[in-house]
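Student: I would like to take a close look at one part of this protein and then see how its surroundings are built. Could you walk me through it?

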Amino acid sequence: MTAPDRIYPTPVLWHLRQRHLLDAYLSAHGIDPAQVGATLAQLQAAPDGAAATDFCAQELADLQGLQLLGAVPPPSRSALLPFVFVKAVNLELTYSCNLACSHCLQDGLRPSGPALWPSISTLERVLEEAWLLGLTRTGVNITGGEIFLAGSPVLELLAAAAARGIPSRSNTNAWWGGRGPITIGAHHFSDDAAVVAALRQRNLGRLALSLDRRYLQYPDLLDRVIRVATLCERAQQPYEVVATEPDEATARLAEQKLNAALGHAPRHLRLTPMETVDIGAAAVQDGDSRTLDPAGIADLIHSSPCATSGFYRPYYLHIAPDGGLRSCLYAPAAGWLGNVQQQSLAALLNAAACNPVVQLFARGDFEAFIARTLTPWRHLYRDPHHGCAASALVARIAGEVERLECSSGREANERELEQLHRRFAAEYRFGVSSSC
Ligand SMILES: C[S@@+](CC[C@H](N)C(=O)[O-])C[C@H]1O[C@@H](n2cnc3c(N)ncnc32)[C@H](O)[C@@H]1O
Ligand code: SF4
């Protein structure tokens, strides 16, 4: 790393100081906080930074390597703490799945063939970093696709979270309920009770199951889910049922089945109602063939539950199977905040303050951006209906247009934008015709 003339405090330094985590961060990286604390505090108070020559070369290199000092002035105060509210990180290990639910938002992203899994060492490094940056106060969620499958690193990650005292949650479609033997990762279990025991042993905070319209499609699956819920009750393993607009009859049946299996009302269950967002298979089902109306997109985005704040003041960060980092659950495969396989989370935090998607959503003036990058291709898209679907699409376009223009050093041309839109329309199943 070449030494700059002047150096400045970074958003990571501000973030750690704000969250009272700086000393722990320095110590974890082998630096004595007492030795650098005063210098860092002084620098934070100096808006024009300091001369690099004020630092010893090794100290400067170490602090730059930890992303605490940088060669560019920090962004404005309002953009300085992009992740200060983040309380949990969602790790998506794969979009592969042994099912194909009729509402699944990952429908257009699901690879065929056996699942490929990110390396355990990368995931453990990301988890460690997220913890040191204070991004896992509420915890870490480990999900897919379906991750309770051979080859999956889910059990190692749960152990890694437990070792650091990070609360964990993990999702499964419960295909393994009532079956045996079962292989998860490289671990072999004689039956489903042994799987729940392994989760308990790794201190899993909550096992998340799903209640939605999938049981009309997979009627046998409901008994498997009830079986896993029953095992959780017996093992006193907390579990959660994510209820995404299930049909009434299935919801009633599930409740009856669970009460009958337990002989009493559930004691370790938490119910989380969610909306179905028209992305993926849910978009295909929608049946509405109206094309996207660019004039309505900005209003739709503002109508989303987060009202745009999820993009510039997020509470959650999501990491896609390829390492892409984003802040919206409903934008699977997107990575507008960068890639954790290529850069440290701290480096991505530093870059987030000036990220074009973060800035676009913070300003909230989508019209000009939509007119340039979406309106000419509106015929490729159906109406996204839901505020989250519209937000996810616009964020994805903004992130990719920026990436394209940054790497080429010029404005994206018509052909490039058309390719990009055809890909998004296919991946989110927003396309109006099969040509997408
Ligand atoms: C993608 S799944 C992955 C975990 C696991 N395979 C499962 O089905 O529970 C995670 C959650 O997202 C929900 N989900 C899928 N498609 C959705 C959509 N279009 N809108 C809202 N939630 C959706 C699922 O119902 C499930 O509860
Ligand atoms: S909702 Fe879950 S189980 Fe269903 S297809 Fe999607 S990832 Fe698989």
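How many residues surround ligand 1, and which are the closest?

Tutor: Happy to! Keep in mind that this is a predicted model. In it, 21 residues surround ligand 1. The closest are Leu-105, Asn-171, Ser-210, Val-277 and Ala-282. By type, the shell around ligand 1 divides into eleven polar, eight nonpolar and two charged residues.

Two of those closest residues lead us to the strands. Asn-171 falls within strand E6, which covers residues 168–171, and Ser-210 falls within strand E9, which covers 206–211. Both strands belong to an open sheet of eight strands, ordered E11-E10-E9-E6-E5-E4-E12-E13, with mixed pairing. Try tracing that order on your screen. You will find strand E11 (269–274) at one edge and strand E13 (325–326) at the other, and each of these pairs on one side only.

On the E5 side of E6, the two strands run parallel and are joined by three bridges. Here strand E5 spans residues 139–143, and Val-140 stands opposite Ser-168 of E6. As a general picture, strands of a sheet pair through backbone hydrogen bonds, either parallel or antiparallel.

Next, look for what packs on this sheet. Helix H9 (residues 221–235) touches E9, strand E10 (239–244) and E11. The direction of H9 makes about 155 degrees with that of E9.

For contrast, now turn to ligand 2. Its surroundings are Cys-97, Leu-99, Ala-100, Cys-101, Cys-104, Gln-106, Gly-144, Gly-145, Glu-146, Asn-173 and Arg-214. That shell divides into five nonpolar, four polar and two charged residues.

Elsewhere, another group of strands is worth finding. Strand E1 (residues 6–9) pairs in the antiparallel sense with strand E2 (residues 50–51) over two bridges, and Arg-6 has Ala-51 as its bridge partner in E2. E1 also runs antiparallel to strand E3 (residues 69–70), again with two bridges, and there Tyr-8 stands opposite Gly-70.

Finally, let us visit the core. In soluble globular proteins, nonpolar side chains tend to be buried together. The largest nonpolar core here has 117 residues, and Val-394 and Ala-395 touch the most other members. Helix H17 (residues 387–408) gives the most to this core, with ten residues. Leaving aside residues up to four places away in sequence, Val-394 touches Ile-297, Ile-301, Phe-366 and Ile-370.

Conventions
Residues are numbered from 1 along each chain as its sequence is written. Chains are lettered from A and ligands numbered from 1 in the order in which they are written. This is a predicted model: local features need pLDDT of at least 70, side-chain atom pairs count only at pLDDT 80 or more; totals for chains, interfaces and linings use all residues. A residue is near a molecule or strand if its C-beta atom, placed from the backbone, lies within 6 Å of it. Ala, Val, Leu, Ile, Met, Phe, Trp, Tyr, Cys and Pro count as nonpolar, Asp, Glu, Lys and Arg as charged, and the others, Gly among them, as polar. A nonpolar core is a set of buried Ala, Val, Leu, Ile, Met, Phe, Trp, Tyr and Cys residues joined through C-beta atoms within 7 Å. A residue is buried if 20 or more other C-beta atoms lie within 10 Å of its own, exposed if 12 or fewer, and partly exposed in between; C-beta atoms are placed from the backbone. Helices (H or I, at least four residues) and strands (E, at least two) are DSSP runs, numbered from the N terminus. Two residues are in contact if their C-beta atoms, placed from the backbone, lie within 7 Å. Two strands pair if DSSP finds at least two bridges between them. Axes are lines fitted to C-alpha atoms, for helices over the stretch in contact, and angles run from 0 to 180 degrees between N-to-C directions.
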